[in-house]
Amino acid sequence: VRHALDRASRMRLSHPVELYLHEVGLESAGSFLFQPSAQHIVFDTTDFVAPRPAWSDRSFHPTWSLGGTHTKCRFGGHVSVECGLCGGQLHHLVTLPGQISASSTPLLLATCLSCLGWEQPTLSYCHDETGNPLSLDKGQVTPEFPAGPLRELVVRLTQMPERWRWQDWALSNGRENLNRVHGYPSWIQSAEYPKCQRCGNTMPFLIQLDSDLPTEDGNEWLWGRGGIGYGFFCRACRISTFLWQCT
């Protein structure tokens, strides 16, 4: 990588050099934007409602039913915090134990599914000493696509074998479990690491949630046309930021 950077400094590139580094999860030579060790978010098969074609049945792929030690986590539902843009209740995504989020306390991850990606491409939250979020984005909008919460469930985090540390969104073709904490992100478009609103540093990847998640009204959640939602966390500033990509 250092050799490539030295060569890049003497070339005319189509994009800034940091974008090429971000594609492989680097901020600089030796400085990673992801933690190699990763956990899958494991659901019960009964948590999903929409039928699937036989070739993509979740029972066929090992990432949906990894064994080993599990950590139980709360998933979905609401939190009693308002969105800074629309004033609606934030939608709870998942609460991560401190040892997994590299935080001193459990980290409650939430965002506004009505505003994220539609009213604003990224949304950010600062977390207090107990891990609860507070919206950093301020405004007054009426969401074009108001959303309800994800179905409240108890999910399990399980350590991923090295074989599944890197997962490709296109190659998985809907068969693999892409809901995960840490590891390398499964980008749909180019790598897109946001800057921390407080310190300005590039934020490391923390979590991704695939589409087809169960919702409270009995449907399934889609990020745009069926993409992935990504979460990032600046540990020094205790700020989380979310965005999503789709085709």
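Let's start with Cys 126, which is buried in this predicted model. Its relative accessible area comes to 16%, and that counts as buried because the cut-off is under 20%. Does Cys 126 have a partner or not? What is the distance to the nearest cysteine sulfur? That sulfur belongs to Cys 196 and sits 10 Å away, and Cys 126 is in no disulfide. A disulfide needs two cysteine sulfur atoms within 2.5 Å.

Now hop over to Cys 234, another buried cysteine, with a relative accessible area of 9%. Here the closest cysteine sulfur is the one in Cys 237, at 3.8 Å. Why is there no bond between Cys 234 and Cys 237? Their sulfurs are too far apart for one, because the limit for a disulfide is 2.5 Å. Search the whole structure and you find zero disulfides.

So much for sulfur; what about charge? Side chains of opposite charge can pair when their charged atoms come close. How many salt bridges does a search of the whole structure find? The count is four, and we can walk through some of them.

Take Arg 10 and Asp 6, which form a salt bridge with their closest N and O atoms 2.8 Å apart. Is Arg 10 buried or exposed? With 57% relative accessibility, Arg 10 is exposed, because the bar for that word is over 50%. Asp 6, at 41%, is partly exposed.

Next up is a salt bridge between Arg 156 and Asp 44, where the closest N and O atoms are 3.1 Å apart. Which parts of the chain does this pair link? Arg 156 belongs to strand E10, which covers residues 153-159. Asp 44 is in the loop between strand E3 (38-42) and strand E4 (70-75). These are distant parts of the chain, with 112 residues separating the two partners. Asp 44 is partly exposed, at 37% relative accessibility.

Strands E4 and E10 come up again with the salt bridge between Glu 152 and Arg 74. Their side chains meet at 3.2 Å, N to O. Glu 152 lies in the loop between strand E9 (133-135) and E10, while Arg 74 is in strand E4, so this pair ties together parts 78 residues apart in sequence. How accessible are the two partners? Glu 152 has 49% relative accessibility and counts as partly exposed. Arg 74 is partly exposed too, with a relative accessible area of 29%.

Terms used. Residues are numbered from 1 along each chain as its sequence is written. This is a predicted model: local features need pLDDT of at least 70, side-chain atom pairs count only at pLDDT 80 or more; totals for chains, interfaces and linings use all residues. Side-chain values use heavy atoms; hydrogens and water are left out. Buried means under 20% relative accessible area, exposed over 50%, partly exposed in between (1.4 Å probe, protein chains only). Helices (H or I, at least four residues) and strands (E, at least two) are DSSP runs, numbered from the N terminus.
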